[in-house]
Amino acid sequence: MTEKLVIIGNGMAPGRMLEHLFEQAPGRYQVTIFNAEPRVNYDRIMLSPVLSGEKAFEEIIIHGDGWYIANGITLYKGHKIVAIDRAAKTVTSDHGVTEPYDKLVIATGSVPFIIPVPGHDLPGVLTYRDLDDVQAMLLAAQSRAKAVVIGGGLLGLEAAAGLNAQGMDVTVLHVMPTLMERQLDPAAGYLLQRAVEQRGIKVITRANTQAITGKGKVEQVELADGTIIPATLVVMAVGIRPNAALAKEAGIAVNRGIVVDAGMRSNDPDIYALGECAEVNGQVYGLVAPLYEMARVAASQLAGNEAAAFVHMDTPTKLKVTGIELFSLGDFAEGEDRQEIVLRDAAAGIYKRLVLRDDRIIGTVLYGETADGAWFNDLKKKQTDISQMRDTLIFGQSYQGGASLDPMAAVAALPDDAEICGCNGVCKGKITGAITAKGLTSLDDVRAHTKASASCGSCTGLVEKLMVLTIGDKYNPAAVQPMCGCTTLGHDEVRRLIKAKGLKTIPAVMQELEWTTSCGCAKCRPALNYYLVCDWPDEYADDYQSRFINERVHANIQKDGTYSVVPRMWGGVTNAAELRAIADVVDKFEIPMVKVTGGQRIDMLGIRKEDLPAVWADLGQAGFVSGQAYAKGLRTVKTCVGSDWCRFGTQDSTGLGIRIEKFMWGSWTPAKVKMAVSGCPRNCAEATCKDVGVICVDSGYEIHFAGAAGLDIKGTEVLGLVKTEDEALEHIVALTQMYREQGRYLERIYKWAKRIGIAEIKRQIMDDGEKRKAYFDRFVFSQKFAQVDPWSERVSGKDKHEFRPMASVGFAQAAE
Amino acid sequence: MMNWVSIGSISDIPRRGARCVATPEGKIAVFRTADDQVFAIDDHCPHKGGPLSQGIVHGAAVTCPLHNWVISLETGKALGADEGAVRTIPVRIEGERLFIALEALASRAA
């Protein structure tokens, strides 16, 4: 018979516990979760990247709605438990739901400290704990005004960096003399302060906040020394305390947190507690690694293994601020019985300190270069005697025994039980074992099977090296394929960082993201140019020298160096005057080949580059504009004759095709976009192999996307059915904008869709009206700058240099 | 003998770009790099004759627009795994003015 398991709280710890539990005792429990937050389980460690704009909320979800359904879990979102009745064995939520339990798990996490200064309850004073806080901060950041972060610890600094990235003027107030004094020694704290200040964040240490004042909302912060700092937003990040009030009211033993034994069991044998609200052996925890260890123990206990026990461990601290490398572990206070080894490299901004006792490492602080953190952690954990390598210890593992400085060799040399992923407590042997046993070839596979690199991601590089060491060439680094040889970053990371850091020129991208070449290459430059055009339509000045020749001269280069020209024929419809004008141009410029294209256009091939402006001038006289047949952008919308002419036509497919084309022409996209509209399911416009297609039916418009008929052949996916032409246009435009914002350069829609997932695209475009509207509006905004006919611009003299030789020389001499 | 002929001003060429100079022997591509170095090579890729002047210029190299061969502007040689070379033409910058040396033409004219 299944037992009833009720969980209060839906954070990372209980989520992880359930994963273990379903693995160890599938079907044993019927699970119900009450979550005070109105959402699914997400990675709280990654809130900082969401705040800084480097990640979207969707990217940090751990368990989507589907996971709860698949595991038969009842999830009450937005339900706060207000009472536990231990006698009746029930819990009751603030919405009045009462649920009986056989076993109860309390995972209520922690609550932030609020410094009880006057004004702490003014509107505009926030804490930094969950997505609601982040959203409130993002809203406040839109005003680009001043923010004060109280607290210079891990959370406070991450909040400050995020708000700074969002354009706010940020001041950090820290009551101690140096930042992060619990994790860093004063020297590293000083380096950190300098790095934070270099980002434009002000830091005031020894700052004693006396009051927050303002009329009806926050206006300023006053310090004890009389300093006054104007602010419209105050974030309190001074610490957390276990949220144990509910347990206390129910009569469960509570000290600082809910008191549990090493098996995570409270003094009520049917009630367990884990996560930040739990206290084991007098200790409470806030970092993810021990919390996940609690989850593992609790799951084993619930599965019937009473021997499972939690053991205290030191956990390394890392700061998740892009560009600041920081690692701290263990005890690094000075003492009589301790020696230290320090390495300083001021030029490179590196500081390393090892604290030793009896020839064993007891503490480590690394700043600026943290690659050896895993190795030092391993030496510390195993209490390795380091006397033999004392002289070179600080230089790291790759320096030992005269070994090469190859980072790969360093990883290879790590013992099997060396910890690779600190967040999830995964050691090297477990990763390599899983790779071999399960035949894993991608980073995502390894994350799914071992959890390594699945939380904060800072060990991703190590995991990748392990994959290369274990399976060599079979490792498919698709997830992190660098854009090109000029960078180690992949397309997605570059796109994210362009937005997050507000990079608005190609040199800025290359500088900030540490390109290894002076001005890129033919692969990355066009990609960066597209990303910047897409992300900053009003601010970025298109860099023509970074465009492929076709997009630079608005025609298609041919094998002999001549060009072909395709004028736009909206929806594939033309008339006698247009055809006559084309015929005249063909005669006048002796164009050797005229061809009808697959996209229902006319192509004139073999035009000399020098003649292009004159050809366009004549075509322009007849009303033609560029057909953009050369563009990574909207190419053609192919149509059939639809209800105007066809016996079977159900809607005006020609009209809709023309409307779409007139709305969307000129837009740049990651790769070419070809569309079609068919007037009935007979599909004469072949819409079901296009990037985007519409099949008209009696009841409306069936929107298709992600087809291919080139290197790959693939039928389209159905996005959905809409009733009106207006809706069809809005959905298609929103879909295209989503692709524009997320696609990797040269990645066609069908490949992008495969990567993102059809269901996710449907969710955002079909189901989420707000999102759809936002995509639509961003597309419309960017069209203001994109819809300029490039041919008429060049007829008027733009880029003259492109079409003329610089000089003609030698002819006179030859004639002499 | 070297026959230096003026072909215009450095500002006629966009940075990270190229212009062509027409000669009786075919087109010469004149490149200007991001740091204002100027190079001249035959406008004819050693692979399939693609017009190198139409390529993307990066560092002191150009990528051919037809099949992405990368040609060094300094040596005229194909970089990477490809093998082949184009003729390089001496360039001199006098203030703003650009000159190229047309040796072959000069010797023929002499």
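Tutor: Two residues count as in contact if their C-beta atoms, placed from the backbone, lie within 7 Å. The model discussed here is predicted.

Student: How many residues does each chain put into the contact between chain A and chain B?

Tutor: Chain A gives 25 residues and chain B gives 31 residues. On the side of chain A that touches chain B, two elements supply two or more residues, strand E42 (807–808) and helix H28 (811–815). H28(A) has the largest share, three residues. By class, this side of chain A holds 12 nonpolar, 10 polar and three charged residues.

Student: What makes E42(A) and strand E2 of chain B a pair?

Tutor: Pairing requires at least two bridges found by DSSP. E42(A) and E2(B), residues 17–23, have two bridges, in the parallel sense, so the requirement is met. A:Ala807 has B:Val21 as its bridge partner in E2(B).

Student: Why do E32(A) and E34(A) count as paired?

Tutor: The threshold is again at least two bridges. Strand E32 (residues 563–565) and strand E34 (residues 602–607) of chain A share three bridges in the antiparallel sense, so they qualify. In E34(A), A:Ile607 is the bridge partner of A:Tyr563.

Student: In what order do the strands of that sheet run, and what makes a strand an edge strand there?

Tutor: The open sheet has four strands in the order E31-E32-E34-E33 of chain A, with antiparallel pairing. Strand E31 (556–557) and strand E33 (593–596) each pair on one side only, which puts them at the edges.

Student: How do you know that the span of helix H1 of chain A is close to the expected one?

Tutor: The expected span is 1.5 Å times one less than the number of residues. H1(A), residues 12–24, has 13 residues, for which 18 Å is expected, and the helix reaches 19 Å from its first C-alpha to its last.

Student: Why is A:Leu21 called buried?

Tutor: A residue is buried if 20 or more other C-beta atoms lie within 10 Å of its own. A:Leu21 is listed as buried, so its count reaches that cut-off. Other buried residues of H1(A) include A:Met12, A:Met17, A:Leu18 and A:Phe22. The buried residues of H1(A) pack against several elements of chain A, among them strand E1 (3–8), strand E2 (29–35) and helix H8 (288–302).

Student: What is the confidence in chain B, and where is the pLDDT below 50?

Tutor: The mean pLDDT of chain B is 89, and 91% of its residues reach 70 or more. Residues 106–110 of chain B fall below 50, and this stretch has seven contacts in the model beyond near neighbours in sequence. Where pLDDT is low, the predicted coordinates should not be read in detail. The model scores ipTM 0.90 and pTM 0.59.

Terms used: Residues are numbered from 1 along each chain as its sequence is written. Chains are lettered from A and ligands numbered from 1 in the order in which they are written. This is a predicted model: local features need pLDDT of at least 70, side-chain atom pairs count only at pLDDT 80 or more; totals for chains, interfaces and linings use all residues. A residue is buried if 20 or more other C-beta atoms lie within 10 Å of its own, exposed if 12 or fewer, and partly exposed in between; C-beta atoms are placed from the backbone. Ala, Val, Leu, Ile, Met, Phe, Trp, Tyr, Cys and Pro count as nonpolar, Asp, Glu, Lys and Arg as charged, and the others, Gly among them, as polar. pLDDT is the predictor's confidence in each residue, from 0 to 100.
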